[in-house]
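Visitor: Could you walk me through this structure? I'm new to this, so please go slowly.

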Amino acid sequence: MSDYDVVIVGGGPAGLAAGLYAARMNLKTVLVDRGALGGQLLNTELIEDYPGIETILGSELATKMGDHARKFGLLVRDFEPVKEIDVEGDQLGPSWPRSRANTKVVRLESGQELRAPALIMAAGGLPRYLDVPGEKAFWGRGVSYCAVCDGAFFKGQELAVVGGGDAAVEEGDFLTRYASKVYILHRRHELRAQPILVDRARANPKIEFILGSAVKEIAGDEKVKAIRYEQGGSARELPVGGVFIFIGFVPNSGLFKVHIDHDEGGYIITGRDMQTSVEGIWAVGDVRAQLTKQIATAVGDGTTAAVAASLYVTSLKDAARA
Ligand SMILES: Cc1cc2nc3c(=O)[nH]c(=O)nc-3n(C[C@H](O)[C@H](O)[C@H](O)COP(=O)(O)OP(=O)(O)OC[C@H]3O[C@@H](n4cnc5c(N)ncnc54)[C@H](O)[C@@H]3O)c2cc1C
């Protein structure tokens, strides 16, 4: 027996879009989040790339998205961490009769369980932190983890990028669209990024690599003013207006007790309708393997998954009635 038609794990933009659509399609839908609704929107100061809204505070967009979804009947359980997600009954393959659907069980840390035939995984993820003084204090005031989101705020300024993998080199190159100069600091003497990306960056006159450098501090007053690092035993300081950190991103995909296909980075692999390798489980937003991590793409994923989940639940109900 299921309590709900759809359970959504995660109340960021992806989960809230899925919740809005699912509830509006008259599915009995519950969304659970370990914190307040909004996800990464709550860590974002100003957003100016969400179509139709020229500028909005992240917290304001979070409130609007939450209220909008609730208006259509989405049930919300915020401040309820999910401990694990399980599947009871046989794992369905595409050729199995729909009437034998398994149940997705979401176990909360409080000990309660939420059950539904359809589950939308929208638990996002978090950037890896450098863990140096100033990083937290200047987050949103010069420290960023997203070049596409924040690059345009730094027109004509000198910037530091921290990291040596594909993301650091590619995003550093991207940032030269706005910045007058981009320093890429990496703790090793060799970069991990693909040679083609490194060659392109080396050919870019606005990029300078500072290798073998260990970042020690991000300094400033109201905003970031400098990055302090150690190189060859000497303490150094570089005056910059912003520090972009690309040393990894950890998707929150580890809640499943059953196997779900994922890539080497832990991102969940989906088909074009967002369904995962387990029938009746969809993955959306930052937790999913895809090209970009943006609010607009998260919302699009959530919409697609809700429509797919609705078709799935309807087919189960039809089969049960037949
Ligand atoms: C600082 C910053 C600035 C950004 N700026 C922009 C911007 O300007 N424009 C733009 O388009 N994008 C921006 N982004 C990216 C954008 O915020 C993300 O792509 C988007 O929030 C992803 O949405 P999501 O719903 O997939 O995940 P998230 O927003 O990460 O939401 C996931 C939710 O899942 C919940 N969750 C996780 N684990 C559990 C658990 N065990 N139990 C219960 N709940 C759980 C979390 O609490 C969270 O609320 C920015 C990101 C950051 C970090």
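Visitor: Let's begin with the weak spot: over which residues does pLDDT stay under 50?
Guide: This is a predicted model, and its pLDDT stays under 50 over residues 95–99, a stretch for which the model has six contacts beyond four places in sequence. Where pLDDT is low, the predicted coordinates should not be read in detail.

Visitor: And what does the protein chain average in pLDDT?
Guide: The average for the protein chain is a pLDDT of 93, and 96% of the residues score at least 70.

Visitor: OK, new topic. How is the protein chain divided into domains?
Guide: Domain 1 takes in residues 6–126 together with 249–321, while domain 2 covers residues 129–245. Between the C-alpha centres of domain 1 and domain 2 there is a distance of 33 Å.

Visitor: Now the helices. How do the axes of α1 and α2 cross?
Guide: Helix α1, residues 13–24, and helix α2, residues 58–71, have axes that come within 8 Å and cross at roughly 20 degrees. Because of that angle, α1 counts as roughly parallel to α2, and α1 passes α2 in a left-handed crossing.

Visitor: Which residues make that contact?
Guide: On the α1 side they are Pro13, Leu16, Gly19, Leu20 and Ala23, and on the α2 side they are Met65, Gly66, His68 and Ala69. Sorted by class, the residues of this contact are six nonpolar, three polar and no charged.

Visitor: What about α1 and α6, how do their axes cross?
Guide: The axes of α1 and helix α6, which spans residues 295–321, come within 7 Å and cross at roughly 35 degrees, and this crossing is right-handed. Residues of α1 in the contact include Pro13, Ala14 and Tyr21, and those of α6 include Ile295, Asp301 and Ser310. By class, the contact of α1 with α6 has 13 nonpolar, four polar and one charged residues.

Visitor: One last pair: how do α4 and α5 cross?
Guide: Helix α4, residues 166–175, and helix α5, residues 195–202, have axes that come within 9 Å and cross at roughly 30 degrees. The two helices are therefore roughly parallel to each other, and their crossing is left-handed.

Visitor: Which residues meet there, and what classes do they fall into?
Guide: From α4, Asp166, Val169, Glu170, Gly172 and Asp173 meet Leu197, Val198, Arg200 and Ala201 from α5. The residues of the contact of α4 with α5 divide into four nonpolar, one polar and four charged.

Methods: Residues numbered from 1 in each chain as written. Predicted model: local features only at pLDDT ≥ 70, side-chain atom pairs only at ≥ 80, totals over all residues. Domains from an automatic or database assignment. pLDDT = per-residue confidence, 0-100. Contact = placed C-beta atoms within 7 Å. Axes fitted to C-alpha atoms, helices over the stretch in contact; angles between N-to-C directions. Helix = DSSP H or I, 4+ residues; strand = E, 2+ residues; numbered from the N terminus. Parallel < 35°, antiparallel > 145°, perpendicular 65-115°, else oblique. Left-handed = near helix turned anticlockwise from the far one by under 90°. Nonpolar A, V, L, I, M, F, W, Y, C, P; charged D, E, K, R; others polar.
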